[in-house]
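Welcome, and please keep the model open beside you while you read. We will walk through a sheet and then the packing around it.

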Amino acid sequence: MRNNADGTCTRISGPDHLRSMLVDDNGATGTSGVQAPDLLIVQQVRGTGQATAYADQLSALFGHPAGTYRAIVAWADPEPWGGSHHCSRPELGDLKKKQTNAILYNTRTLSLGDTSKYWSAGWLKPGTAYDGGAGCTLYKPPSNDDGAAYAYKWKRTSAIAARFTIKATGTSVFAATMHLPEQNGQHACAGAGDTGIGGSGLHVGADATSLMNASTIRVIGVDANRTGIAPGTLGGFGMTGYGAKATMGSRKIDYLFVKGAVRPSSVDHTVSGTKSNHLALYGFITY
């Protein structure tokens with residue numbers, strides 16, 4: 001669902017969304033050079049049902065049977081939260097009331113190993129003094145929004161990770177999907193009294209860190225709702241951020257961090273025509 005400036009919302013089909021962000025070696029969409037990706041990291045999906053349907057649509061785009069791509073989600077069926085979601089038509093706003101995070105992977109090229117437990121983002125509850133992170137708490141009960149309309153909003157920020165093996169080479173691959181609360185834009189929070197890695201609000205859960213440490217290639221995709229996160233922020237994990245262009249309006253709030261041999265991008269790893277309020281980021285990793 002895409003929010004428009006006039007308060008309306010536009011529903012984008014799965015295939016149209018996929019075609020708008022999958023690119024060839026030159027960063028162009030819709031060409032014969034677009035190949036089936038190994039990994040697709042997404043946020044704001046409704047749960048297992050939508051993620052699986054999206055995975056099957058991705059399979060169909062490349063002539064593969066349903067089930068070729070599979071989805072890992074943080075929450076199978078998160079409870080709805082919020083009101084109109086800035087959509088003038090209620091039926092469209094309702095489609096945004098369930099949100100979680102997911103990783104889609106290509107079973108033709110990757111075998112799934114272990115999946116991490118989910119981990120929670122941090123936030124500064126409105127009315128709380130920040131004081132260099134001292135006011136930060138985990139964004140989950142009992143410290144999350146206490147209003148009935150937002151009781152389950154925290155589930156959209158639950159992160160999850162998995163470890164894979166590249167079938168052709170045996171190389172291990174770590175992937176994680178993260179989404180931080182809007183409040184991270186003003187006050188970096190990764191947990192209780194914690195501003196996150198490099199003051200970014202980012203952190204990786206203990207279970208996921210174990211999987212990451214056991215992996216050669218590492219990929220994290222994150223909607224951080226925060227500008228100014230430097231490419232070297234996750235350098236302690238051997239990872240570099242790719243893409244410097246704005247990803248939502250005039251702001252860059254989405255990030256792709258990779259440990260691996262990432263090929264240069266003629267469009268700075270950012271797909272300008274993505275049919276979403278957020279632009280897609282990509283990286284082609286040589287292995």
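In what order do the six strands of the open sheet come? In this predicted model, the order is β6-β9-β10-β11-β13-β12, and the pairing is mixed. At the edges stand β6 (110-115) and β12 (240-242); each has a single partner strand, so one side of each lacks a neighbour in the sheet. From one strand to the next, the twist averages 25 degrees.

Now look at β10 and β11: these strands run parallel and are joined by seven bridges. Across this pair, A176 stands opposite I220 in β11. A helix joins the picture too, since α4 lies across β6, β9 (160-166), β10 and β11. Relative to β9, α4 runs at about 20 degrees.

Next comes the packing. The largest nonpolar core has 21 residues, and W119, F174, M178, L202, I220, V222 and F257 are those with the most contacts inside it. The elements below each give two or more residues to this core.

| Element | Residue range |
|---|---|
| β10 | 172-179 |
| α4 | 206-213 |
| β11 | 217-223 |
| β13 | 254-259 |

Another core, of 20 residues, lies apart from this one, and L18, A51, Y69 and V73 are among its members.

For a closer view of the largest core, pick V222, one of the residues with the most contacts inside it. Leaving aside residues up to four places away in sequence, V222 touches Q43, M178, L202, I253, D254, Y255 and F257.

Technical notes:
Residues are numbered from 1 along each chain as its sequence is written. This is a predicted model: local features need pLDDT of at least 70, side-chain atom pairs count only at pLDDT 80 or more; totals for chains, interfaces and linings use all residues. Side-chain values use heavy atoms; hydrogens and water are left out. A nonpolar core is a set of buried Ala, Val, Leu, Ile, Met, Phe, Trp, Tyr and Cys residues joined through side-chain atoms within 4.5 Å. Buried means under 20% relative accessible area, exposed over 50%, partly exposed in between (1.4 Å probe, protein chains only). Helices (H or I, at least four residues) and strands (E, at least two) are DSSP runs, numbered from the N terminus. Contact means heavy atoms within 4.5 Å. Two strands pair if DSSP finds at least two bridges between them. Axes are lines fitted to C-alpha atoms, for helices over the stretch in contact, and angles run from 0 to 180 degrees between N-to-C directions.
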